Amino acid sequence: MAFNSTAEMLPPKLVIKILTFVSRFFPMAKMPGTDVFSTFDLAFGDKEWAKAGRADPFVQEAAGNPPRLGMIPSILNSMDDMNSRLDEVQVPFKIFMGENEQRVDTDAIQHIFKVASSKDKALEIVDGAYH
């Protein structure tokens with residue numbers, strides 16, 4: 001449920017604008033910088049878990065089908081829409097977050113938890129866990 005990215009997680013705004021423009025002409029081109037496996041060790045925090053993650057058939061399929069440029073406008077617009085409507089979330093939910101999370105903006109996760117209007121919600125930070 002992370003709908004925000006830190007400035008460090010996104011390219012500069014000018015690059016996003018250029019990629020969005022280029023995506024109109026080449027929507028099926030692979031999005032640059034989408035090497036899923038390069039951050040597995042960091043995400044899992046344990047080389048054996050990362051190795052198991054890399055071997056997972058679903059991960060293999062996802063890595064073989066990287067995001068395409070045509071997805072950029074949809075992803076960014078969806079993030080903006082979800083961020084503007086967080087206060088409308090009324091369904092029960094529980095968010096799990098590793099205390100050593102490296103892939104998701106933890107401030108954004110905490111913001112989602114605070115802003116959602118659900119009366120039945122929980123945020124659990126798992127000791128020693130990563131992504």
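Helices (H or I, at least four residues) and strands (E, at least two) are DSSP runs, numbered from the N terminus. The model is predicted, so local features need pLDDT of at least 70 and side-chain atom pairs count only at pLDDT 80 or more, while totals for chains, interfaces and linings use all residues. Residues are numbered from 1 along each chain as its sequence is written, and side-chain values use heavy atoms, with hydrogens and water left out.

**Exercise 1. Lay out the fold**

Task: State which pattern of helices and strands the protein chain follows along the sequence.

Solution:
- Start with the inventory: the protein chain has six helices and two strands.
- Then read along the sequence: the pattern is α-α-α-α-α-β-α-β.
- Now check contacts (heavy atoms within 4.5 Å). Among those between residues at least 6 apart in sequence, 78% join residues at least 24 apart.

**Exercise 2. Classify a helix pair**

Task: Decide how α1 and α5 are oriented to each other.

Solution:
- Define the geometry. Axes are lines fitted to C-alpha atoms, for helices over the stretch in contact; angles run from 0 to 180 degrees between N-to-C directions.
- Take the values: the axes of α1 and α5 (residues 71-84) come within 8 Å and cross at roughly 125°.
- Apply the classes: under 35 degrees is roughly parallel, over 145 roughly antiparallel, 65 to 115 roughly perpendicular, and the rest oblique.
- Conclude: α1 and α5 are therefore oblique.
- Name the contact: α1 supplies I16, L19, T20 and S23, and α5 supplies I72, P73 and L76.
- Add a distance: K17 and P73 are 56 residues apart in sequence, yet 9.4 Å apart C-alpha to C-alpha.

**Exercise 3. Sort three residues by accessibility**

Task: Are K17, F26 and E101 buried or exposed?

Solution:
- Set the cut-offs: buried is under 20% relative accessible area, exposed is over 50%, and partly exposed is in between (1.4 Å probe, protein chains only).
- K17 lies in helix α1. K17 counts as exposed because its relative accessibility is 62%.
- F26 sits in the loop between α1 (13-25) and α2 (40-44). F26 is exposed because its value is 52%.
- E101 belongs to the loop between β1 (93-98) and α6 (106-115). E101 is buried because its value is 13%.
- List the neighbors of E101: leaving out residues up to four places away in sequence, E101 touches T106, A129, Y130 and H131.
- Finish with the whole chain: of its 131 residues, 21% count as buried.
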